[in-house]
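Subject: Structure for you to look at

Hello,

I am handing over the structure below. Please open it first and then read the notes that follow it.

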Amino acid sequence: MTETIIDKPPHRQVTSNLTDYHECYTSFSTEPPSAVSDLPNRPTINIAYEAVDRHLNTDIEDKLALRWLSKQDEIVDFSYRDLAEQTSRFASVLHRLGFERGDRVFSLAGRLPLLYISALGTLKSGCVFTPLFSAFGPEPIRSRMEIGEANVLITTMGLYRKKVASWWHELPYLKAILLIDGSGELEEGCYALPELMDQGDPYYPCVNTQKDEMALLHFTSGTTGKPKGVMHIHQAVEEHKISAYYALDLHPSDIYWCTADPGWVTGTSYGIIAPLCMGATMIVDEAEFEVERWYRILQDQHITVWYTAPTAIRMLMRAGSEIRQGYDLSALHFIASVGEPLNPEAVIWGEKTLGLPFHDNWWQTETGAIMIANYASQAIKPGSMGLPLPGITAGIVKRNEQGDVEEVHKPMEVGELALKQGWPSMFRGYLHQSERYERCFNNGWYLSGDQAMRDEQGYYWFVGRVDDLIKSSGHLIGPFEVESALMEHSSVAEVGVIGIPDELTGEMVKAYVALKPDVEQTEQTLQALQKELKGFARKRLGAAVAPKEIVFRQNLPKTRSGKIMRRLLKARELGLPEGDISTLESDEQ
Amino acid sequence: MKNHEIKALLLKAIQEIAPEIELEDIDLEEDLRDECDLDSMDFLNYLIEIKKLTGVKITERDYPNVNTFKKMLAHLEQNIA
């Protein structure tokens with residue numbers, strides 16, 4: 001933590017959507033901003049309508065809505081009118097194939113135009129959209145599609161062959177694979193999406209979904225058990241708009257770039273929905289991170305608002321400030337970061353090198369939208385996640401002796417970060433796991449699982465997770481999923497997986513493995529086995545989830561009931577106090 | 001160093017990070033990060049391996065010239081001492 005405060009010049013307060021934080025926060029319930037004030041009283045809301053069709057027959061219908069940059073630097077532009085027609089075509093394709101309102105459409109693809117079109121087209125048709133990260137291996141893909149009872153998968157030929165083809169027929173609900181780059185003769189159940197789109201209806205109407213109807217199903221990891229399907233309703237779009245307006249300071253005149261992959265919640269809420277709702281122009285880059293490419297995009301596309309992530313920012317820092325000098329970034333006027341807490345040095349680096357400080361903000365898959373943020377008009381305390389959005393009540397809570405949570409009012413006291421339940425984009429359940437959902441709430445508070453503290457000015461500071469979840473490059477990884485994959489290897493007896501601090505990615509996945517007694521353990525065989533296990537895990541889990549480091553132990557610390565004590569592995573790895581070890585039955589060797 | 005020797009070192013560097021990859025899995029003209037499923041951390045570790053095995057340091061400015069197997073091979077051929 002640092003005492004540094006980055007103040008904002010007075011003109012910032014005049015031109016920002018949020019001029020005076022405290023006044024805006026207090027008056028929000030009676031005077032919501034005009035950008036969203038017509039929404040709350042309507043019984044039907046459709047996210048795709050708000051993002052796209054709403055702009056038809058207005059003066060922005062021919063405005064550039066989405067500009068796609070290919071890996072080879074081709075440019076493909078879509079106006080709001082184009083997006084409306086394309087998403088209608090996609091909705092009609094689903095209808096023609098026999099899919100109905102409420103059916104589940106999954107995507108697994110890189111950042112391609114048809115991914116964006118099918119996400120919005122799915123919502124338009126009243127179906128539920130689930131994005132999957134294309135860097136997942138077959139196992140995380142399959143388990144999510146099983147739990148989510150996927151009916152349709154949109155993917156590419158390459159990803160289909162590599163990760164899906166061998167098992168998809170075993171999924172009882174899955175009826176169709178729509179291939180973005182498919183053509184000609186295909187296997188049964190597979191369709192060439194471009195051909196279907198050509199035959200689609202560009203004027204297919206947007207379904208009038210009820211505001212509490214499920215729209216999005218996002219997956220997040222749990223510490224134990226399988227991934228959880230987080231359900232969001234169409235009404236969530238209210239909060240997408242409010243947060244884009246306040247926390248990203250998005251104006252219709254902005255050219256906006258969200259670097260998050262649509263395989264994750266940020267890439268959906270802020271990489272597809274919110275910017276279009278605001279009538280802005282959004283830039284999508286197909287390619288992966290590359291320092292000079294990114295500076296070039298910021299310059300050439302005249303990006304004004306940029307929403308990115310700590311790992312990318314730290315890679316830019318690593319490349320040095322000199323490289324930035326060759327680029328004109330004068331169009332840029334607001335930059336923000338999300339995924340994991342942004343270290344103070346990175347906020348200050350932004351100010352020094354880019355001429356703007358990064359505005360960190362906080363939210364989760366479950367919250368559906370940004371909940372706590374640093375604002376364009378407000379002073380930044382580098383390292384802090386900022387102040388709650390207007391309309392959001394946040395608090396630091398602790399459990400009392402009766403097990404009920406109570407708010408802690410003392411400044412800088414560590415407790416669990418909680419939100420008063422009932423905001424528009426609050427998740428409405430974990431699919432088929434109502435008990436797990438109930439456990440997230442207590443006394444009217446949603447419990448985030450993040451430990452934090454609040455200072456005297458009301459700024460929130462992240463401290464750590466209350467559970468064993470690992471945050472790597474902004475992605476939440478469940479240790480159980482990694483352990484389960486390694487346990488499938490015939491030489492492995494037990495596994496404990498933890499996250500260890502990493503300068504670039506926040507945390508790095510590390511696995512501790514105990515081998516079966518009959519496995520030969522010479523230096524040479526262990527070295528070979530280490531590599532084999534690494535490849536074994538990568539094949540199943542993909543690079544985003546697989547452990548970066550694997551070490552061997554004779555025995556792992558366990559409780560009486562045989563549960564591996566990840567907490568203890570982590571304390572020892574980091575040289576921290578071991579804490580309460582009264583439940584330890586069998587120790588590490 | 002001969003072309004096939006450099007090629008072998010390059011594959012070795014990849015396999016340090018992604019042991020499951022064989023040469024025939026890679027489209028030599030496609031982005032190596034996609035071909036070998038390397039995330040940003042894997043890619044940096046792969047460049048560290050390249051440095052270790054060949055002595056050639058790859059800077060951020062070189063990235064566009066080394067993003068496929070074929071381009072990296074050409075870059076190493078030019079720069080190996």
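A:K570 is a convenient place to start: its relative accessible area is 27%, which makes the residue partly exposed. Before going further, please keep in mind that this is a predicted model. The partner of A:K570 is A:E507, and their side chains meet in a salt bridge with N and O 2.8 Å apart. The two come from distant parts of the chain, with A:E507 in strand 27 (residues 506-515) of chain A, A:K570 in helix 17 (residues 566-574) of chain A, and their positions 63 residues apart. A:E507 has a relative accessible area of 14% and is therefore buried.

Salt bridges in general

Over all chains, a search of the whole structure gives 48 salt bridges. Side chains of opposite charge can pair when their charged atoms come close. Two further examples from chain A follow.

In one of them, the side chains of A:E407 and A:R454 meet at 3.6 Å, N to O. A:E407 belongs to strand 18 (residues 405-407) of chain A and A:R454 to strand 22 (residues 445-454) of chain A, so this salt bridge ties together parts that are 47 residues apart in sequence. A:R454 is buried at 17% relative accessible area, whereas A:E407 is partly exposed at 29%.

The other is local. A:E146 and A:R142 form a salt bridge whose closest N and O atoms are 2.9 Å apart. Both residues sit in helix 6 (residues 138-147) of chain A, 4 residues apart, which is about one turn of the helix. A:E146 counts as partly exposed at 37% relative accessibility, and A:R142 is also partly exposed, with 23%.

Where chain A meets chain B

The contact involves 27 residues of chain A and 22 residues of chain B. About 2,200 Å² is buried between the two chains, with 50% of that area on carbon and sulfur atoms. On the chain A side, 27% of the area buried against chain B comes from A:E290, A:K531 and A:R538, more than from any other three residues.

The rule finds 9 salt bridges across this interface. It also finds 13 residue pairs in polar contact there, both residues being at pLDDT 80 or more. Helix 11 (291-300), helix 12 (310-318) and helix 16 (523-541) of chain A are the elements that give two or more residues to the side of chain A that touches chain B. Helix 16 of chain A gives the most, with 5 residues.

One pair to look up is A:K548 and B:D39, whose side chains form a salt bridge at 2.7 Å, N to O. These two residues are also part of a network of salt bridges that links A:R538, A:K548, B:E20, B:D39 and B:D42.

Chain B on its own

The unreviewed UniProt entry places the feature "domain: Carrier" at residues 4-80 of chain B. Over that stretch the chain is 62% helix and 0% strand, and its end C-alpha atoms lie 13 Å apart.

Cysteines

How many disulfides does the structure hold over all chains? The count is 0. For A:C258, the closest cysteine sulfur is in A:C277, 14 Å away, and this is too far for a bond because a disulfide needs the sulfur atoms within 2.5 Å. A:C258 counts as buried at 10% relative accessibility, and A:C440 counts as buried at 11%.

Regards

Methods:
Residues are numbered from 1 along each chain as its sequence is written. Chains are lettered from A and ligands numbered from 1 in the order in which they are written. This is a predicted model: local features need pLDDT of at least 70, side-chain atom pairs count only at pLDDT 80 or more; totals for chains, interfaces and linings use all residues. Side-chain values use heavy atoms; hydrogens and water are left out. UniProt positions are given in the numbering used here, feature names are shortened, and annotations may be inferred rather than shown by experiment. Buried means under 20% relative accessible area, exposed over 50%, partly exposed in between (1.4 Å probe, protein chains only). Contact means heavy atoms within 4.5 Å. Buried area is the accessible area (1.4 Å probe) that two parts lose on being put together, summed over both. A salt bridge is a side-chain nitrogen of Lys or Arg within 4 Å of a carboxyl oxygen of Asp or Glu. A polar contact is a pair of N or O atoms within 3.5 Å; within protein, one must be able to donate a hydrogen and the other to accept it, and residues adjacent in sequence count only if both atoms are side-chain atoms.
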